[in-house]
Structure formats: structure tokens, C-alpha cells
Amino acid sequence: MCLPGNGNWWCRSLESNALNIANALWWEEDTLCLLDQTRLPAEEVTLHITEVSELIEAIRKLSVRGAPAIGIAGAYGVVLAARPWKESSHPPDWEQLTSEISALREARPTAVNLSWAIDRMIRTVSSAHPPSRGAAYDAFLAEAKNIHEEDEERCRRIGEHGAALLSETSQVITHCNTGALATGGIGTALGVIYAAVMQGRQVQVYADETRPLLQGARLTAWELQRANIPVTVMTDGMAASLMDQQPIDAVIVGADRIAVNGDTANKIGTYQLALTAHSHNVPFYVAAPTSTIDPDLETGREIPIEIRGKSEVVRWGNLQTAPEGVDVYAPAFDVTPNRYISAIITDRGVVRPPYNLRSIL
Ligand code: MRU
């Protein structure tokens, strides 16, 4: 049976466990276990994934989501694809494996972490020239666990670097969900908040609900309540009013892909929040691991933006929220131009403009 944080091969630090931080995914008995995020906050249901096709569906449905978590899931997806190789003494067939995981690589196009993790899995294991399929399978599992553990460590470092930007008492706005549910550790933007709280600071969080799938209201509020961190949910259009009414110390968001010049793709609504912060002189920080930086893209214009189905905008469950047949604009992400980003908090430190992110890779 899969129990989050119980009997797994890895374990969070005692400090972060004190905040009751959840696990989004874990590997147990040849199975990838996912906490099904489509069912939160009402129910905590574990999905037991044994096939690549099931994982593709879970990623597309957002049962597992958030750029780093999708990357880790993709790495375990390669292990699932190689499962028939377990204990086989035949030589590995890299072409067959690569074609089997091509649809996984494309399951969601914006977060670079998915293709980054899958490419790293294939590159690392094939270049070690394992003598048999069985040896390749073992190497895949070891590499997926490395990627998972590294992400936990990257989150810890982002938290440490980012917490230093907050004062003893802070009011912070965040967008979407960037916490433990979105990563292999304490999170990126939420990781900064967790780290600040672990250091004894007081943080009041305002969470944008994050239309259309409500990752802020459903997931960020759920995580922060579990951790006893004060959180107030507001709809995506309320940030300007809040900044007008009371002092806000910072906006901190995550990222799905960052171009070399600092332009950042993140959940739809982030750009609007950055403009609002700019008009109110509120620092706007992006927190992300270096695995989210795409060294092949010079600017954000080149970032592929996922378009979601219109039903996510015109329906909520069985409820129709817009007239049948109406046209819908449904990008899942937008790109915030680098000029609105005060700093990018990474696992390798805080980077300030002018950005040339290749220099930190
Ligand atoms: O569509 P989602 O829920 O996968 O979008 C997630 C985000 O936009 C996050 O802000 C981003 O992936 C960073 S998660 C640490």
C-alpha cells in the first residue's frame, strides 16, 4: 500500500515534517503513486500508476501537476516504460524505448521540466552502456530517484535564498500552486514561504484562486492550512484592490519555463499580477529551480503555450458557467516579460536584472 511519507525510500527533513507538508508523488513496489490533485481538497485519493498511458492521462488531467512534479513523474514514467526490461539479459533497444515515451514527453508542452527529465534519463543511462535490459532498468530507477531527491534539495535551497528577501513580518501574494504538491520537496514560491516560517518569521499569504482549475483555492489553501500558515483566498481580479488597500511586501510566483533573458511562463494570470505589482511598487519575484530554465530559448516569445479545452472555462463539474457554444480563450500559461520581474530566486542563488541565465547553468 502507498502511504505518503510512510515507508518510502526518501523522507522529508524533520523541520519540514513539523509543517505537515504533503507528498505529491512517490515510488513504491514498482508503482508510481500520485496524490490525485483533481480530488483535492475534498478527498485524499492515491492513484497507482503502472503504465505509461495511465501516466500521460494523469498529467493531462492535472492529477499530477506543477513543473518540477511533472518532471519527476516523467522520469518515473521512463522507469515504467522500461519495466518489461526488468531482469532481461537481452541488450537494450533504445529506439523502441524512445518511441514508447515520445507521447509522454509531449503530454504537456509548456513546463520544460518534463522533456528535461526524460532527456536526462535516456542520456544518462544510455551513455553508461548498460550490458543488458535488466541493468538498464536498474539504472533508470536509480536516476529517477536522483532527479526526485535533487528536486527536494533544490526546493530547500530556493527556500533558503528566498526567505532572506522577506522581513520578520510579511504579507505575500501568490498565484497557482507552487508548493509540495507541485514539486519533490517543499516547493518553489511556497517553499520560500515555508522556509521563512521555519526560520520563525510571520507570513500572511494571499492566494489567487487561479482560474480556471482553481489550483490556488483548492491546493495552495489546502497546503497552507495543513501547515498552519495564515492564508486568505481571493479571486484572480482582486490583487489590485488588495494592494491599494493595504501594504503588500512581495508577490512570489513559480515558473513553468524561463527563457535565458528572464521572460517567464507561468500559470495564466501571472502576467496580469506582475503588471499590478509593478504599478504598486511591490517586488515581483519568480522562484524556480535551474531545471526550469531553458538554455535553448533566448526570449519568452519562443515558449510553447498549452491551450486547454474550452469546457474548463465554461463548466464547473456539471454546472454550466457560460452559454453553450460561446467562444473561449483558454491558454494555460502566459509569459511575464523580464522587465516586470524584480528577481529570480533559484537553487543557485537570487538573480537580478539584467538577466543572462545561461551564466548560472
Ligand atoms: O497547470 P499547472 O497547475 O501545472 O500550472 C502550475 C504552475 O503554473 C506553477 O506555478 C509552476 O508549474 C511552478 S510549480 C513549482
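The legends below accompany an overall view and three close-ups of a predicted model.

**View 1. The whole protein chain, with its twelve helices and 15 strands.** The C-alpha trace of the protein chain spans about 65 × 50 × 40 Å along its principal axes. Its radius of gyration is 20 Å, which agrees with the value near 21 Å that a compact globule of 361 residues would have. Of these 361 residues, 57% count as buried, and among contacts between residues at least 6 apart in sequence, 75% join residues that are at least 24 apart. The protein chain exposes about 15000 Å², and carbon and sulfur atoms supply 50% of that area. As for charge, there are 30 positive and 43 negative charges in the protein chain, and the mean positions of the two sets are 2 Å apart.

**View 2. Aspartate 256, a buried acidic residue without a salt bridge.** Aspartate 256 belongs to the loop that runs between strand E7 (250-253) and strand E8 (257-258). The nearest side chain of opposite charge is that of arginine 108, which is 5.9 Å away from aspartate 256, whereas a salt bridge would require a side-chain nitrogen of Lys or Arg within 4 Å of a carboxyl oxygen. Which residues, beyond the neighbours within four places in sequence, are in contact with aspartate 256? They include Thr110, Ala111, Val112 and Asn113, together with Ala265, Asn266 and Lys267, and the list is completed by Ala67, Thr292 and Phe333.

**View 3. Helix H8 (residues 189-198), largely enclosed by the rest of the structure.** This description of helix H8 rests on burial, because eight of its ten residues are buried. The buried residues of H8 are Ala189, Leu190, Gly191, Val192, Ile193, Tyr194, Ala195 and Ala196. After H8 comes glycine 200, which has a positive phi, near 95 degrees.

**View 4. Alanine 142, a residue of helix H7 (residues 133-163).** Is alanine 142 buried, partly exposed or exposed? Its relative accessibility is 41%, and alanine 142 therefore counts as partly exposed, a class that lies between the cut-offs of under 20% for buried and over 50% for exposed. Alanine 142 can also be viewed together with valine 125, which is 17 residues apart from it along the chain, and the C-alpha atoms of the two residues are separated by 9.6 Å.

Note on methods:
Residues numbered from 1 in each chain as written. Predicted model: local features only at pLDDT ≥ 70, side-chain atom pairs only at ≥ 80, totals over all residues. Heavy atoms only, no water. Helix = DSSP H or I, 4+ residues; strand = E, 2+ residues; numbered from the N terminus. Rg over C-alpha atoms; globule rule 2.2 N^0.38 Å. Buried < 20%, exposed > 50% of the residue type's maximum accessible area, 1.4 Å probe, protein only. Contact = heavy atoms within 4.5 Å. Areas by Shrake-Rupley, 256 points an atom, 1.4 Å probe, with all protein chains shown as cover. Lys, Arg positive; Asp, Glu negative; His and termini not counted. Charge placed at Lys NZ, Arg CZ, Asp CG, Glu CD.
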